[in-house]
Structures are given as structure tokens and as C-alpha cells.
Amino acid sequence: MMPDELTDLAVRAQGGDRVALSDFVRATQDDVWRVCAHLTSPAQADDVVQEVYLRALRALPRFRGDSSARTWLL
């Protein structure tokens, strides 16, 4: 089965592709912000988003692709 575009970007980012990593963040940042704003508040969302991406980037080597990258991230 062919992975979706975001999952493909995540897998390429795992391999060190910085452009794929940048594209992955750019493609997911609005969704991540909305979830963070819903769980905290719009005023705190920017700080929480930053923490989400820091944790996600540290965990990226463990992403197995069993789910879509969007599901994994959110």
C-alpha cells in the first residue's frame, strides 16, 4: 500500500531529508495548532505547538508507519 503524502514526508525526514521535514511541519502546523488551541487556549497554543514539534522530532526515528503520520502526530 502506498503511504499518503504526509507519511511519505515523515519517512523521508527520518532518513535525514531536511526539505521533507520542513514540508511535513508546514503541512501539519495548522492542524496541530487547532488541536493545541482546543486543548489549552489560543493564547497558549503557540508554546504548546512548539513543544509538540520538539517531542515529535525526537520521536521521529521511532515512527514505524503503522498509522498515517498525521494520526501519529496528532
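## Report on the helices, core and salt bridges of a predicted model

Threonine 28 is buried, because its relative accessible area is 2%, where buried means under 20%, exposed over 50% and partly exposed in between (1.4 Å probe, protein chains only). The model is predicted, so local features need pLDDT of at least 70 and side-chain atom pairs count only at pLDDT 80 or more, while totals for chains, interfaces and linings use all residues. Residues are numbered from 1 along each chain as its sequence is written, and side-chain values use heavy atoms, with hydrogens and water left out.

**Helices H2 and H3**

Threonine 28 belongs to helix H2, which covers residues 18–39; helices (H or I, at least four residues) and strands (E, at least two) are DSSP runs, numbered from the N terminus. Leaving aside residues up to four places away in sequence, threonine 28 touches Leu6, Tyr53 and Leu73, a contact being heavy atoms within 4.5 Å.

One of these partners, Tyr53, is among the buried residues of H3, together with Ala45, Val49, Ala56 and Ala59. The cover over the buried residues of H3 includes H2 and helix H4 (69–73). Helix H3 runs through residues 42–59, has 18 residues and reaches 25 Å from its first C-alpha to its last, close to the 26 Å expected at 1.5 Å a residue. That expected span is 1.5 Å times one less than the number of residues in the helix.

**The nonpolar core**

In soluble globular proteins, nonpolar side chains tend to be buried together. A nonpolar core is a set of buried Ala, Val, Leu, Ile, Met, Phe, Trp, Tyr and Cys residues joined through side-chain atoms within 4.5 Å. The largest nonpolar core has 17 residues, and those with the most contacts inside it are Ala10, Phe24, Val32, Ala69 and Leu73. Helix H1 (5–14), H2, H3 and H4 are the elements that give two or more residues to this core. H2 gives the most to this core, with five residues. Alanine 69 touches Leu6, Thr7, Ala10, Phe24 and Phe63, not counting residues up to four places away in sequence.

**Salt bridges**

A search of the whole structure finds seven salt bridges, each defined as a side-chain nitrogen of Lys or Arg within 4 Å of a carboxyl oxygen of Asp or Glu. Three of them are listed here.

| Acidic residue | Basic residue | Closest N to O |
|---|---|---|
| Aspartate 17 | Arginine 12 | 3.5 Å |
| Aspartate 23 | Arginine 26 | 3.1 Å |
| Aspartate 66 | Arginine 64 | 2.7 Å |

Arginine 64 and aspartate 66 are both exposed. Asp8, Arg12 and Asp17 are joined into one network by salt bridges that share partners. Within it, aspartate 17 counts as partly exposed at 27% relative accessibility, and arginine 12 counts as partly exposed at 34%.

Aspartate 23 and arginine 26 both lie in helix H2, three residues apart, about one turn of the helix. An α-helix has 3.6 residues a turn, so residues three or four places apart point the same way. Aspartate 23 is partly exposed, with a relative accessible area of 28%, whereas arginine 26 is exposed, with 51%.
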